[in-house]
Amino acid sequence: MEKVNEKDTDTLCCVTSTAPVNIAMIKYWGKKDTDLIIPLNGSLSATLDQGQLCAKTSVAISRSFKNDRLWLNGTEQSIDNPRIQSVLNEMRRRIRKRKFDESDLSESFTQGMSKWHLHIVSVNNFPTAAGLASSAAGYACLVHALSKLFNIEGEVSSIARVGSGSACRSMYGGWVEWLPGEDTGSSIAVQVAPEDHWPEIRVLILVVNDQKKPVGSTDGMQATVRTSDLMQYRAKKVVPKRINMIKKAIFDKDFETFAEVTMKESNQLHAVCMDTHPPIFYMNDTSKQIIRFVHDFNNEENTIRAAYTFDAGPNACIFLLEENVKKFISSFSRKFPPSSYENYIRGIPVNFEQPTPATP
Ligand code: DP6
């Protein structure tokens, strides 16, 4: 990244990054600190291929900009969004922690916001807020681009975390754990296995409905924390054991255990949503038919060949091994003809990648 001389009034410095979504097998649902976004329990996910479901964000800083501005999918949004401001403030804190160089443009960003302004432009290549982890990719991408712009090195997943909790996991490729931690420095994501560790794994995204979900994750999970007794039990007694089980399954490439834990986790997420008062329903009838279909598919050969997982929406993510993809799709298409469920398969992300610089 080139340093910019402040006297060079019209200089514009711009960085573009792309970041993929991540799909959680062990779910994050509930915060113990809502400002810092410290979760009640740890979680674990796979970061998907850049080409399929990803966000692309450009950040530009210039003295010729009159104020900070943000565009999301072509529409201007308020830059005063508290999550965006948390990310920018955390970024400023990191910049202040390191030694200043007079010509460094990040000094201008922290001290002279009246002179230098940021423009942020972000696009997703998939539906926003439909339970497809759009905020995770979006904030991971923003933090990656800002870190490059301001030369922030080292641990940056905790900056993405203050934008959206699950975003910290999209800062790494491969299999990623979010260690819950106690404070902002210890609540970070770590890679537990690299991108190429289990190359036979595939994910199908079954888009049941790409409309915005009725209850957002942020509000939904705090309603669960306030009202569900099951949630307290889950966070303390269930999740830690499942994290260990699934990590071992990933290390050993043991698909059956991996699949069983993944499906049970998804079901428990939706069980605590149901235990919330009033209850929250993210899955619809089609989602439930997909669950039944996957169990029938597994029963056919008496072996677990596919695993579903649902986040805060009706869309299914199906994990399976490469050798079973064709069989699954052909069997699925017979049960759910494309004419009745248009667009139900939105890609087969294959590689697991982390955010990368991109050509604007
Ligand atoms: C259901 O990260 O969107 O996808 O931290 O409030 O922004 P905030 O929530 P968010 O929650 C996602 C929850 C989930 C499960 C998961 O990804 O682990």
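**Figure 1. What lines the ligand site in this predicted model.** Sorted by type, the shell around the ligand holds seven nonpolar, seven polar and two charged residues. That makes up a set of 16 residues surrounding the ligand, with A24, S164, G165, S166 and T218 the closest. Two elements, α3 (134–149) and α5 (217–227), each give two or more residues to this shell.

**Figure 2. Inside the largest nonpolar core.** Here we're looking into a core of 97 residues. V87, A140, V143, A160, I246 and I318 are the ones that touch the most other members. Helix α3 supplies the largest share, 10 residues. Zoom in on V143: setting aside neighbours within four places in sequence, its contacts are V87, V156, I159, A160, G163 and M171. As a rule of thumb, nonpolar side chains in soluble globular proteins tend to be buried together.

**Figure 3. Helix α1, one side in and one side out.** This helix takes in residues 82–97, and its end C-alpha atoms sit 22 Å apart, which agrees with the 22 Å that 16 residues should span at 1.5 Å a residue. I84, V87, L88, E90, M91, R94 and I95 are the buried residues of α1. They cover an arc of only 160° around the axis, so they share the same side of the helix. Over on the other side, P82, R93, R96 and K97 are exposed. The general background is simple: an α-helix has 3.6 residues a turn, so residues three or four places apart point the same way.

**Figure 4. Helix α8 and what its buried residues pack against.** Running from 285 to 300, α8 has 16 residues and reaches 22 Å from its first C-alpha to its last, close to the 22 Å expected. Its buried residues are S287, I290, F293, V294 and F297. These span an arc of only 110° around the axis, which puts them on the same side of α8. Their packing partners are β12 (201–206), β13 (306–310), β14 (316–321) and α9 (322–335). Exposed on the other side of α8 are D285, R292, D296 and N299.

**Figure 5. Some backbone oddities in the loops.** For background, most residues other than glycine have a negative phi, and most peptide bonds are trans. Start with the cis peptide bond between H277 and P278, where omega is about -5°. P278 belongs to the loop between α7 (255–274) and α8. Just after α8 comes N302, with a positive phi of about 55°, in the loop that leads from α8 to β13. N302 is exposed, because just 6 other C-beta atoms lie within 10 Å. N73 isn't a glycine either, yet its phi is positive at about 50°. Look for N73 in the loop between β7 (69–72) and β8 (75–77). With 15 C-beta neighbours inside 10 Å, N73 counts as partly exposed.

**Figure 6. C14 and the overall chain.** C14 is part of strand β1 (residues 12–20). It has 14 C-beta neighbours inside 10 Å, so C14 counts as partly exposed. C14 and S333 lie 45 Å apart in space, C-alpha to C-alpha, and 319 residues apart in sequence. Zooming out, the protein chain has nine helices and 15 strands, and 46% of its 360 residues are buried. Of the chain's contacts with a separation of 6 or more, 74% join residues 24 or more positions apart.

Terms used:
Residues are numbered from 1 along each chain as its sequence is written. This is a predicted model: local features need pLDDT of at least 70, side-chain atom pairs count only at pLDDT 80 or more; totals for chains, interfaces and linings use all residues. A residue is near a molecule or strand if its C-beta atom, placed from the backbone, lies within 6 Å of it. Helices (H or I, at least four residues) and strands (E, at least two) are DSSP runs, numbered from the N terminus. Ala, Val, Leu, Ile, Met, Phe, Trp, Tyr, Cys and Pro count as nonpolar, Asp, Glu, Lys and Arg as charged, and the others, Gly among them, as polar. The expected span of a helix is 1.5 Å times one less than its number of residues. A residue is buried if 20 or more other C-beta atoms lie within 10 Å of its own, exposed if 12 or fewer, and partly exposed in between; C-beta atoms are placed from the backbone. The arc is that of the directions from the helix axis to the C-beta atoms. Two residues are in contact if their C-beta atoms, placed from the backbone, lie within 7 Å. A nonpolar core is a set of buried Ala, Val, Leu, Ile, Met, Phe, Trp, Tyr and Cys residues joined through C-beta atoms within 7 Å.
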